[in-house]
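Visitor: I'm new to this structure and would like a close look at a single part. Could you pick one spot, walk me through it slowly, and then show me what else is around?

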Amino acid sequence: MIAEATEEPLAGIDWAALRKDFPILDQRVHGHPLIYLDNAATTQKPRAVVDALRNYYEKDNANVHRGIHELSNRATTAYEAARTRAAKFINARSADEIVFTRGTTEGINLVANAWGLKNIKAGDKILLTEMEHHSNIVPWQLLAERTGAKLLFLPITGDIGLLDMNHLDEWLTKDVKLFAMMHISNSLGTINPVVEMCARARKLGVTTLVDAAQSAGHRPVDVQEIDCDFLVFSGHKMCGPTGIGVLYGRQEVLEKMPPYQGGGEMILSVEYEKSTWKAAPHRFEAGTPDISGVIGLHAAMDYLDKIGRDNIAHHDQELGAYAYAKLSQLKGGIRLFGPHIGRAGLVSFLLKDVHAHDVVTVADQRGVALRGGHHCNQPLMRKLGVESTARASFYFYNTTEEIDRFVGVLQEIQKFFAT
Ligand SMILES: Cc1ncc(COP(=O)(O)O)c(C=O)c1O
């Protein structure tokens, strides 16, 4: 039912052939071949994932952990197999450290509520960075409002978008109770040194959370190497279905956390007056979970590891560097955001005198799917002194030819707006 993962990276990958696994890419949009460069928002899904979903619904659909009939047993086995697979995917020590969530956002909210309300007190500090996504800011603001904690933001160094690591000691002090950081920035393409950041936090006894929404499907992510307490990611940004994600929690931390939501399946026993809870991770999965989503996520993890996430990271970085170099050569005024080198597979930019939404609208007419806006990074945009940027974000099925076409479209836009 569930294919075993092949962890060996394929030698000499035929990236163009992999495109054939994504039927959606083979279409025309407004009369042009589709060039999908909005992968940081969500990636496309390979046939293997769609087939796994169909297979589950056609053959095995039943509720998990409740029945003793054959279909329920099959669904439960598949659901728990995916948990073991997810643990392997991020090198967790045990499947008990894997909680299935709706995605990165829910994972962070779960930690903010269950861990945060228990451990954060008035006057405590929560350290974030200036580049965080709203989903790694707003839950902490809500927690700070309820507890009287204070939020701090590690600065970035201007348009180049690196964290100011030289001054980390000034921000990361003993009063900090939690340090929450993104691994890869969705609007700058910065790859943050999370191993070092977590190591420095650990020395002070500070709990850490890594937002791996943009990294889990793009490079090997190893929670033992990062040595974080929590790590979160979303299935839909790594070839999996929408509505499913993972919260990793270090076992001894998860075990001490109270439930996030109450309901069926997370209890040991219920009386009218009070209840007792299951151990982690089931304590954090109240109600019927997204079973098909979990099964689709399993197929996505297998699919990605068959390609090899080290290979994907290499390919991403080549595309990111290629696009950055091409955009830097554009005449007529372009402002580029994020690091010059060592960037992830995305570029964020503004063309002189052209609103990001106009760039995206015209590009769409040429079949190129980009994103324009604040990318759920309003505080970062304000820091950079802009309202929005245009963004092209790549995945392993994108090609340098597509980037050439995208840059050609930008040149057309520049000419059009210059006249
Ligand atoms: C860095 C980062 N964190 C968190 C999120 C939120 O992910 P989700 O909407 O899947 O919960 C995103 C989505 O764009 C992201 O890029």
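Guide: Here is a walk that starts at one residue and then moves on through sheets, helices and loops. Keep in mind that this is a predicted model.

Let's start at N192. You'll find N192 in the loop that links β7 (176–182) to α7 (194–203). Is N192 buried or exposed? Its relative accessibility is 4%, so N192 counts as buried, the cut-off being under 20%. Now follow its side chain: it reaches the backbone oxygen of M182, 2.9 Å away. M182 belongs to β7, which spans 176–182, so to speak the strand on one side of the loop. Setting aside residues up to four places away in sequence, N192 touches M131, L163, M182, H183 and M197. M182 turns up here again, as one of the residues that N192 touches.

Next, look at the two elements on either side of that loop. Strand β7 pairs with strand β8 (residues 207–211) in the parallel sense, over five bridges. If you'd like one pair to find on screen, take A180, whose bridge partner in β8 is L209. Helix α7, on the other side of the loop, lies across β5, β7 and β8. Its direction is at about 175° to that of β7.

Now zoom out to the sheet that holds these strands. Seven strands make up an open sheet, and you can read them off in the order β4-β10-β9-β8-β7-β5-β6. The pairing in this sheet is mixed. Its edge strands are β4 (98–101) and β6, each of which pairs on one side only. From one strand to the next, the twist averages 20°.

Stay with β5 for a moment, since α7 lies across this strand too. Strand β5 covers residues 125–129 and is mostly covered, with four of its five residues buried. Five bridges join β5 to strand β6 (residues 150–154), and the two run parallel. In that pairing, I126 stands opposite L151 in β6. As a general point, the side chains in a regular strand alternate between the two faces of the sheet.

From here, let's turn to a pair of helices. Helix α4 (residues 104–119) packs with helix α5 (residues 138–147) at an angle of about 20°, and their axes are 9 Å apart. Angles under 35 degrees count as roughly parallel, so α4 and α5 are described that way. The crossing, where α4 passes α5, is right-handed. On the α4 side the contact is made by I108, N109, V111, A112, N113, G116 and L117, and on the α5 side by P139, W140, L143, R146 and T147.

Another loop residue to look for is M257. M257 sits in the loop between α9 (251–255) and β11 (267–270). With a relative accessibility of 2%, M257 counts as buried. Leaving out neighbours within four places in sequence, M257 is in contact with L110, A114, W115, F230, R283 and F284. L110, A114 and W115 fall within α4, which spans residues 104–119. For a sense of distance, M257 and L304 are 47 residues apart in sequence and 32 Å apart in space, C-alpha to C-alpha.

There is a second sheet to visit. Four strands form this open sheet, in the order β13-β14-β17-β16, and the pairing is antiparallel. The edge strands here are β13 (334–337) and β16 (371–373), each pairing on one side only. On average, neighbouring strands are turned by 30° against each other, with direction ignored. β13 pairs with strand β14 (residues 346–351) over four bridges in the antiparallel sense, and I334 stands opposite L351 in β14.

Two helices go with this sheet. Helix α11 (residues 309–328) lies across β13 and β14, running at about 15° to β14. Helix α14 (residues 400–418) packs on the sheet and touches β14 and β17 (389–393), its direction making about 10° with that of β14.

The last stop is V354, in the loop between β14 and α12 (356–365). V354 is buried, with a relative accessible area of 6%. Aside from neighbours within four places in sequence, V354 is in contact with V359, I413 and F417.

Conventions
Residues are numbered from 1 along each chain as its sequence is written. This is a predicted model: local features need pLDDT of at least 70, side-chain atom pairs count only at pLDDT 80 or more; totals for chains, interfaces and linings use all residues. Side-chain values use heavy atoms; hydrogens and water are left out. Buried means under 20% relative accessible area, exposed over 50%, partly exposed in between (1.4 Å probe, protein chains only). A polar contact is a pair of N or O atoms within 3.5 Å; within protein, one must be able to donate a hydrogen and the other to accept it, and residues adjacent in sequence count only if both atoms are side-chain atoms. Contact means heavy atoms within 4.5 Å. Two strands pair if DSSP finds at least two bridges between them. Axes are lines fitted to C-alpha atoms, for helices over the stretch in contact, and angles run from 0 to 180 degrees between N-to-C directions. Angles under 35 degrees count as roughly parallel, over 145 as roughly antiparallel, 65 to 115 as roughly perpendicular and the rest as oblique. A crossing is left-handed if the near helix is turned anticlockwise from the far one by less than a right angle, and right-handed if clockwise.
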